[in-house]
Amino acid sequence: MIPQQSFTVASGFFALFYKEVKRFWRVSFQTVAAPVLTAILYLMIFGHVLEDHVKVYDAISYTAFLIPGLVMMSLLQNSFANTSSSIIQSKITGNLIFVLLAPLSHIEFFSAYVLAAMVRGLVVGLGVFLATCWFTSIHFEYPLWILIFALLSSGVLGALGLIGGIWAEKFDQLAAFQNFFIMPATMLSGVFYSIHTLPAVWQSISHFNPFFYMIDGFRFGFFGVSDVSPWFSVTVVGVFFMLVAAIALRMLASGYKLRH
Amino acid sequence: MSAIAFEDLSKNYGALKALDHINLEIQEGEFFGLLGPNGAGKTTLISILAGLCRPSSGRAKVMGHDVQLDFRAARRLLGIVPQELVFDPFFNVRETLEFQSGYFGIKNNSDWIDEIMHHLGLTDKADKNMRALSGGMKRRVLVAQALVHRPPVIVLDEPTAGVDVELRQSLWKFVSRLNQEGHTIVLTTHYLEEAEQLCGRIAMLKKGQIVALDTTANLLGRVKNKDARDGDLEDVFMQIMSEDSSS
């Protein structure tokens, strides 16, 4: 009954990528609409309270300053959430076995999960932008920088989510990774303020936070002004991406916590 | 060529020897039984074959392809029905099978997916979410997932554990048919009467070692000769396990 076995040269990457995108889209109320609403609430509360009290850059309102930060923060958190939640759920329910049984290399596995995370991050980021851009006038000084930082940053957080999902053995551990590392790093990266408004010591500390460069570079694309050069930021983020990608690929190649 | 070959295969978890220098060849077209008590090493052996577990030493091959060095070819030739009743709750039956097919790089596989679903009685459940299926139906989907890439070697790890008589009968009918058409079937089960009826050759494992390896007829003959009565595989199993314990 089973026809002659025939080898195919197609990669399983596309199916895994499509499955991961379909997975988050199927629950888009939770994975897309909810973070967009959260960002709107941030904008309404902080924008309303601080609009007349905080001036970060000349000729740029606080609300306008806040919007790219909120877009990037949502993009980062949702890119991380996509890979990390998918992997940990599949590990705990056991259905990751279907991917592990397939002839997928560690590079195909990594690429499919990270690209799907990037798609979710970008969809949420776009949703946040479309929902918040009505609150003030927003310009695109350097659209290419916006795109570069959005792509690179979502890739970093997708890879970090993969690391977190593989490392964690229960939801509690993943929540710790998210709440004690990802969340503080994104919230303290300059979403709501410019680091120039901080005391000197906190300014120095902020320079060790790679998430700061993601948001600063992304914001440069909108306003043409930033705390540090976008070239320096893109270098930092690029190196950080290579580092987390190398760690994730090493974990996958060695079968760390996946193949015993 | 052997459908499956284990060459001096060992797997250690710290001081525990889960598999101890296993040497075993299963020929193409065999219906082979892998029996043993809990913790004997059956699932570890299958996990190594599937690439879910790495051996401490030795090699495992599927149709001549090393499962570590040539994993793509080995996995394409192997279909595994896992012991645990696992499923992805986001998708329905058809999507589950289409994704599984896609992981193996097979596109436009709808005709074959329809045929598998028909033979496993899943056609009317095709659009049902996996969560909505009964345990027996989920088990059928697991079998379908193992067959979706048309593998010549099929391993069923305790496929009838906890399923009703009707499913067991229909599953064995289907698997026997696959075997008659040339597929190599490897079965682990605690239902020894199933192994006795279906398997041409049987290996018994205990504490990570093969303690018996013979045709089913020869194994049954051991009890018959000894007690001058027709024994069943359960008698043989109990005898071999106790012999090994006392030695």
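**A guided tour of chains A and B**

In strand E8 of chain B, select Leu187(B): the residue that stands opposite Leu187(B) is Leu156(B). The structure on display is a predicted model.

**Stop 1: strand E7 of chain B**

Now select residues 153-157 of chain B, which make up strand E7. Five of the five residues of this strand are buried, so E7(B) is largely enclosed by the rest of the structure. Show the side chains next. Val153(B), Val155(B) and Asp157(B) point one way, while Ile154(B) and Leu156(B) point the other way, and all are buried.

Add residues 184-188 of chain B, the strand E8, which runs parallel to E7(B) and is joined to E7(B) by five bridges. Then add strand E6, residues 78-81 of chain B; four bridges join E6(B) to E7(B), and this pair also runs parallel. Within the E6(B) pairing, Gly79(B) has Ile154(B) of E7(B) as its bridge partner.

To follow the chain between two of these strands, select helix H6, residues 165-180 of chain B. Together, E7(B), H6(B) and E8(B) make a right-handed β-α-β unit.

**Stop 2: the antiparallel sheet of chain B**

Strands of a sheet pair through backbone hydrogen bonds, either parallel or antiparallel. For the antiparallel kind, select strands E2, E1, E4 and E5 of chain B, which form an open sheet in that order. Which strands stand at the edges? They are E2 (16-27) and E5 (65-66) of chain B; each has a single partner strand, so one side of each is left without a neighbour in the sheet.

Focus on the E5 edge. Strand E4, residues 57-62 of chain B, pairs with E5(B) over two bridges in the antiparallel sense. Here Val62(B) has His65(B) as its bridge partner.

**Stop 3: Leu49(B) and the nonpolar core**

In soluble globular proteins, nonpolar side chains tend to be buried together. Select Leu49(B) and its surroundings. Not counting residues up to four places away in sequence, Leu49(B) touches Ile4(B), Ala60(B), Val62(B), Val67(B), Leu78(B) and Val155(B). Two of these names, Val62(B) and Val155(B), have appeared at earlier stops.

Leu49(B) belongs to the largest nonpolar core, which has 150 residues; Ala159(A), Leu49(B) and Ala144(B) touch the most other members. The element that gives the most to this core is H3(A), with 15 residues.

**Stop 4: Leu219(B)**

Select helix H8, residues 216-227 of chain B, and find Leu219(B) in it. Is Leu219(B) buried or exposed? It has 26 C-beta neighbours inside 10 Å, and 20 or more are required, so Leu219(B) counts as buried. Leaving aside neighbours within four places in sequence, its contacts are Ile202(B), Ala212(B), Asp214(B), Leu233(B) and Val236(B). A distance to display is that between the C-alpha atoms of Leu219(B) and Asp235(B): they are 16 residues apart along the chain and separated by 10.0 Å.

**Stop 5: where the chains meet**

Show both chains. In all, 33 residues of chain B are in contact with 30 residues of chain A. On the chain B side, the elements giving two or more residues are helices H2 (71-76), H3 (93-103), H5 (135-147) and H6. By class, this side has 17 nonpolar, six polar and ten charged residues.

**Stop 6: helix H7 of chain A**

Finally, select residues 171-187 of chain A, the helix H7, and look for a kink of about 30° centred on Gln178(A). Buried residues of H7(A) are Leu174(A), Phe177(A), Ile182(A) and Thr186(A). The cover over them includes helices H3 (62-93), H6 (143-167) and H9 (210-223) of chain A.

Conventions
Residues numbered from 1 in each chain as written. Chains lettered and ligands numbered in written order. Predicted model: local features only at pLDDT ≥ 70, side-chain atom pairs only at ≥ 80, totals over all residues. Buried ≥ 20, exposed ≤ 12 C-beta atoms within 10 Å, placed from the backbone. Pairing = 2+ DSSP bridges. Right-handed = clockwise from strand over helix to strand, strands pointing away. Bend = angle between axes of the 7 residues up to and from the residue. Contact = placed C-beta atoms within 7 Å. Nonpolar A, V, L, I, M, F, W, Y, C, P; charged D, E, K, R; others polar. Core = buried A, V, L, I, M, F, W, Y, C linked by C-beta atoms within 7 Å.
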